[in-house]
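Colleague: I'd like to learn how to read a model like this one. Can we go through it together, starting with the sheet?

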Amino acid sequence: MLTTFDPDEYVHKALRAEARGFLLKDTPPHDLIAAVRTLHRGDASLAPRVTRRLLGKLASTAPDSDTAARRLEALSERERAVLLAVARGLSNAETGRALDMREATVKAHVSSILAKLGLANCVQAAILAHDAGWA
């Protein structure tokens, strides 16, 4: 879904209707292209500010943080830094700038994180990071 508005009710309706993406019309073109590619691969893509809001709400109903933290022990220090950026709602390009790495390297780390944790997408990874109390 591509929209100008991001109230929670719109996001929830879109997700209930099985939308795999929810982006805002002010999304920079390179992020929009990346999101389309992400969706084409079968993954989900949410606008960073929508992700932050949803994760904040999910965090209030999060499971045991110790259990989540133990799962994250499998990650390298660099993967943890990338996951923290993802959990904060940063795009791959923003994460690359923040961590001084190429966007392709960020994507490789994200793929490794998902594989190590047995997760399907970045939203699940961000939720796990929030559950662990990382963000």
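Modeller: Sure. Bear in mind that this is a predicted model. For a sheet, look at the strand order and the direction of pairing. Here an open sheet of 3 strands runs in the order β1-β2-β3, and the pairing is parallel.

Colleague: Which strands stand at the edges of the sheet?

Modeller: β1 (2-3) and β3 (45-46) do; each has a single partner strand, so one side of each is left without a neighbour in the sheet. To see how a pairing is built, take β2 (residues 21-24), which is joined to β3 by 2 bridges. Within that pair, G21 sits opposite S45 of β3.

Colleague: And salt bridges? How many are there?

Modeller: The idea is a side-chain nitrogen of Lys or Arg within 4 Å of a carboxyl oxygen of Asp or Glu. The count here is 7 salt bridges. Try D6 and R49: their side chains meet at 2.9 Å, N to O. D6 is in the loop between β1 and α1 (8-16), while R49 belongs to helix α3 (residues 48-59), so this pair ties together parts 43 residues apart in sequence.

Colleague: Are those two residues buried or exposed?

Modeller: Buried means under 20% relative accessible area and exposed means over 50%. D6 has 15%, so D6 is buried. R49 comes out at 37%, which makes R49 partly exposed.

Colleague: What else does R49 meet in a salt bridge?

Modeller: D26, with 3.8 Å from N to O. That pair also links distant parts of the chain: D26 lies in the loop between β2 and α2 (29-40), R49 in helix α3, and they are 23 residues apart. With a relative accessibility of 56%, D26 counts as exposed. Salt bridges with shared partners join D6, D8, D26, R49 and R53 into one network.

Colleague: What does R41 pair with?

Modeller: R41 forms a salt bridge with D43, and their closest N and O atoms are 3.7 Å apart. R41 counts as exposed, at 58% relative accessibility.

Colleague: Last one: how do I tie annotations to the fold?

Modeller: Take the annotated range and check what the chain does there. UniProt, in an unreviewed entry, lists "domain: Response regulatory" for residues 1-40. That stretch is 52% helix and 15% strand, with its end C-alpha atoms 14 Å apart. The "domain: HTH luxR-type" annotation, also from an unreviewed UniProt entry, covers residues 68-133. Over residues 68-133 the chain is 74% helix and 0% strand, and the end C-alpha atoms are 9 Å apart.

Key
Residues are numbered from 1 along each chain as its sequence is written. This is a predicted model: local features need pLDDT of at least 70, side-chain atom pairs count only at pLDDT 80 or more; totals for chains, interfaces and linings use all residues. Side-chain values use heavy atoms; hydrogens and water are left out. UniProt positions are given in the numbering used here, feature names are shortened, and annotations may be inferred rather than shown by experiment. Helices (H or I, at least four residues) and strands (E, at least two) are DSSP runs, numbered from the N terminus. Two strands pair if DSSP finds at least two bridges between them. Buried means under 20% relative accessible area, exposed over 50%, partly exposed in between (1.4 Å probe, protein chains only).
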